[in-house]
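Here is a walk through a two-chain model, written for someone who would rather be at the bench. Have the structure open while you read.

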Amino acid sequence: MKLRHAMVVLRKELVDALRDKRSLLSALVFPLVGPLLVVVMFRMIIEQQDVDEPVQLPVVGAEHAPGLVDFLERHEIEVMPPPDDPHEAVRTGAAKAVLVIPAEYPTRFREGRAAELELLVDRSRKESRSSVQRVERAVEGFSGQLGTMRLLARGVDPQLARPVALARVDLATPQQRAADILGMIPMFVAMAAFIGGLYVATDGTAGERERGSLEPLLVNPVDRRALAGGKWLATAALSAGSVVLTLVTSGIALRQTPLSELGIDVQFSAMDALQLAIVMLPMSLLAAGLQLVVATFARSFREAQTYLSLFMFLPMLPGMYMTTASLDPAPWMSFVPILGQQVLMTAIIRGEGLDPAALAIASTMAIAVGLMCVLWTARLFGRERIIYGN
Amino acid sequence: MIRTESLHKRYGEKLAVDDVSFTAPDGRITGLLGPNGAGKTTTLRMISTLVRPDRGRAEVDGHDAQTDRDGVLRRLGILPDARGLYPRLTARENVRYFGRLQDVAEDELEREMTRLFDLLDMGELADRRVHGFSQGERMKVAIARALIHRPQNVVLDEPTNGLDVMSTRAMRDLVRRLRDEGRCVVFSSHVMQEVAALCDEIVVVARGRVVARGTPDALRDQTGNRDLEEAFVAIIGSEEGLGA
C-alpha cells in the first residue's frame, strides 16, 4: 500500500468538503449551538434562584380573613392590595396570581363549612408557576392547620384524617444542577466528533456510488486500503475540527456565564481545553471509521445520512448508562471506546486531571476500532454489490 | 492487446455472460455489438477487474485481470458505464486526481492534461467547476480522466450514449485517433450504425454469447446480406435493441 495514494485521496476529499456548503454548515453549526444551550440553561438556574424571595400576592377582600393573611405573611408571602381588575392583571402577567376572598368567607368559616377561596392564575405562564405553587402550599398549610385544630377541639386524633403523609426531600442544590449541566459539555464535544465528518463520510462512500464516480475511482491501480484510509483521515480531520471548535466556543461560553453567582468554582482553562482535545482526537478517528463503514453499507446517500444521524446519539449512551446504572468511573471503562473518553473528559472538567495510563488505553482502543472499520470499508470497496449497488 | 477466454458470469438465475472469448489487437478498433442486456457491460467489467468471472479469464497485455489487478489497470484506460465526476472540483482537478492515483509524475501530468484538453477542445472548460456541465462536456472530462496515464489499451462502455451529434462526431474522431496511435480500443454499443462506421472488427454478443465475429464485410458475407443491419438481425435472431 502506498501512503502517497492515501494522501492524494485525503487532499482531494478535503478540498471537495471545504467547497461543500452543507458539509461545512453541519460541521460549524453544532459547535456553536451546543455551548449556547449550556449558557441558556445556566441563566435559567440563576433566575430560579430568585425563588427564595418573598412572593407578592395581591389579595381581594383581605379584610374578610385576617387570620389567613397573617398566616401568609408569616410564610414569606407578601400580601398586596388588589389591582382594579384582578383578571386582567393575571392575564397580562402584571400579577403572578391573585387571591380572592369572598364576602361570605367569615360566615362559612364560623359555621365550620368549607370556605371557598379563588386563586386566579394563568397556567400558560411558566415564570409564575413556582410562585403559584408556593401560594397553594401556604393555603393548604393554613387549611391543614385549622383542620387539625378543629379535630382536636372535638377530641378526634388528627392523624385519622391523614392516613398517608408524604414528605418531599429535594436534595438538588443549584450548584449540583449546575454541575450536571457542566457535565453535558463532554457530551456535546463527543457529539461534535460524530457531526463534523458526517457529510464527508457520506459523500465519499454512498455519495460516490450514487453519482457514479465510485467505479471510475476503483479502476485506478490503487490499494483499496489507501482509498479508504484517505477518506478516513479526511472525515476524521473535519470531525476533529468540529471538536476543537466546540471546545473553543464552550470555553468562551463558560467565561461569559456568571458561575460565581451559583457559588461554583469552575476553572475552564486553555489547558483543560487542550487536554480535552487530546482525549478527543482518537475519538474523531473512531467516529470517522464507524461512519465510513456504515455509509458504505447504505444503499443510498439518503439512507447513509439517516444512519449517521442516528449515530450522532451514540456518544450520549455511555453518559445515560452511567447515570441510570449509577456507575462510578472504573478502570475497565477505559477499554470501552467512547465510554473511556467520556470518563476522561468528566475527570478533566471536574478538575481531577488526566490519567496518562487511562488515556493511553482509551486512545489505543478507539484508534484500533477506527482502523478496523477502515480495513472493513476497504474490503467492501472490492465487493460487486457495494460497487454497483445492486 | 485485450484477450478474453471463455468468460462466464451468473447473477442468481440469470446467466449474464455465457462463454465470451475474443481478442482485441493493438492498432484496431474492436466493437462489442449487441442488444441491451446481452452481457457487454458485464464483460467489460470483468476486463476492468471489478467483476470476478465464475469461469474463464481476461487479460490485458498478458496481465491477468484477477491475479494482477494493478498490472491490468495501469495498461488500461476505462470509460465505465458509470462516469460520474466530482461536481465541486474543476475539470482539471477531476483529471489531476486520477492522474495522481495512476502515479503519473506531476510535470508530465500537467503536460498531458494540456494536450488532452486541447485535443478534446475543452480549453475554456478546464478550470470551471464541473457542476452544471452539459452531457457532452462531462463526457469529455470523463474521457480525459480515463486517458490521463496514456494507457496502451482503452475500453469504452457505450461512449456515445446520451451525446448530441457534434459530441458523437468528436468521440468517433478520438477513437480513430487512439487507433492510429497504435492502441487497442474496445468499445461497446447497441447501435449498429455506430459500430459499422467505426470498427475494424465486430464481436456480436447476444444473450451472453458471442454469436458472430469478423470485419463488417465478413459479417455481410457470412449472412449473405448486403445490408449490415439485416445481417445483424439475422445473426442475433431478433430486432430487439436495434434502435439507433
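What follows goes from whole chains to domains, then to the interface and a few local spots.

**The two chains side by side**

Keep in mind that this is a predicted model. Let's start with the overall build of each chain.

| Property | Chain A | Chain B |
|---|---|---|
| Secondary structure | 18 helices and four strands | nine helices and ten strands |
| Radius of gyration | 31 Å | 18 Å |
| Extent along principal axes | roughly 100 × 45 × 40 Å | about 50 × 40 × 35 Å |
| Buried residues | 39% of 390 residues | 47% of 244 residues |

Chain B, with its nine helices and ten strands, is the one that fits the globule rule. Its radius of gyration of 18 Å is close to the 18 Å that the rule gives for 244 residues, so chain B is as compact as a globular protein of that length.

Chain A tells another story. A compact globule of 390 residues would come out near 21 Å, but chain A has a radius of gyration of 31 Å. The box around its C-alpha atoms, at roughly 100 × 45 × 40 Å along the principal axes, gives you a feel for that.

Contacts that reach far along the sequence show up in both chains. In chain A, take the contacts with a separation of 6 or more: 77% of them are between residues 24 or more positions apart. For chain B, among contacts between residues at least 6 apart, 67% join residues at least 24 apart.

**How the chains split into domains**

The domain assignment gives chain A a domain 1 made of two stretches, 3-46 and 174-388, and a domain 2 covering 53-161. The C-alpha centres of these two domains of chain A are 54 Å apart.

Chain B is divided as well, with domain 1 built from 1-75 and 153-244, and domain 2 from 82-150. Here the centres, taken over C-alpha atoms, are separated by 25 Å. Where domain 1 of chain B meets domain 2 of chain B, five residues of the former are in contact with four residues of the latter. The domain 1 side of that meeting has two nonpolar, two polar and one charged residues.

**Where chain B touches chain A**

How many residues of each chain are in contact across the interface? On the chain B side there are 21, and they contact 18 residues of chain A. Helix 2 (69-74) and helix 3 (91-101) of chain B each supply at least two residues of the side that touches chain A. The largest share, four residues, comes from helix 3 of chain B. By class, this side of chain B has twelve nonpolar, three polar and six charged residues.

**A helix pair in chain A**

Two packed helices are described by the angle between their axes and the distance between the axes. In chain A, the axes of helix 8 (residues 184-195) and helix 13 (residues 270-297) come within 9 Å and cross at roughly 35°. The crossing of helix 8 and helix 13 of chain A is right-handed.

If you want to click on the residues, helix 8 of chain A brings V189(A), A190(A), A193(A) and F194(A), while helix 13 of chain A brings L276(A), M280(A), M283(A), S284(A) and A287(A). Sorted by class, the residues of this contact are eight nonpolar, one polar and no charged.

**Local spots in chain B**

Is helix 1 of chain B, residues 40-47, enclosed by the rest of the structure or exposed? Eight of its eight residues are buried, so helix 1 of chain B is largely enclosed by the rest of the structure. The buried residues are K40(B), T41(B), T42(B), T43(B), L44(B), R45(B), M46(B) and I47(B). Just after helix 1 of chain B, T49(B) takes a positive phi of about 75°.

Two more positive phi values are worth a look. D103(B) has phi near 65°, although D103(B) is a residue other than glycine. D103(B) belongs to the loop between helix 3 and helix 4 (106-119) of chain B, and with 17 C-beta neighbours inside 10 Å, D103(B) counts as partly exposed.

R207(B), also not a glycine, has a positive phi of about 45°. You'll find R207(B) in the loop between strand 9 (201-206) and strand 10 (209-214) of chain B. R207(B) is partly exposed, with 17 other C-beta atoms within 10 Å.

Key:
Residues are numbered from 1 along each chain as its sequence is written. Chains are lettered from A and ligands numbered from 1 in the order in which they are written. This is a predicted model: local features need pLDDT of at least 70, side-chain atom pairs count only at pLDDT 80 or more; totals for chains, interfaces and linings use all residues. Two residues are in contact if their C-beta atoms, placed from the backbone, lie within 7 Å. Ala, Val, Leu, Ile, Met, Phe, Trp, Tyr, Cys and Pro count as nonpolar, Asp, Glu, Lys and Arg as charged, and the others, Gly among them, as polar. The radius of gyration is taken over C-alpha atoms; the globule rule is 2.2 Å times the number of residues to the power 0.38. A residue is buried if 20 or more other C-beta atoms lie within 10 Å of its own, exposed if 12 or fewer, and partly exposed in between; C-beta atoms are placed from the backbone. Axes are lines fitted to C-alpha atoms, for helices over the stretch in contact, and angles run from 0 to 180 degrees between N-to-C directions. A crossing is left-handed if the near helix is turned anticlockwise from the far one by less than a right angle, and right-handed if clockwise. Domain bounds come from an automatic or database domain assignment.
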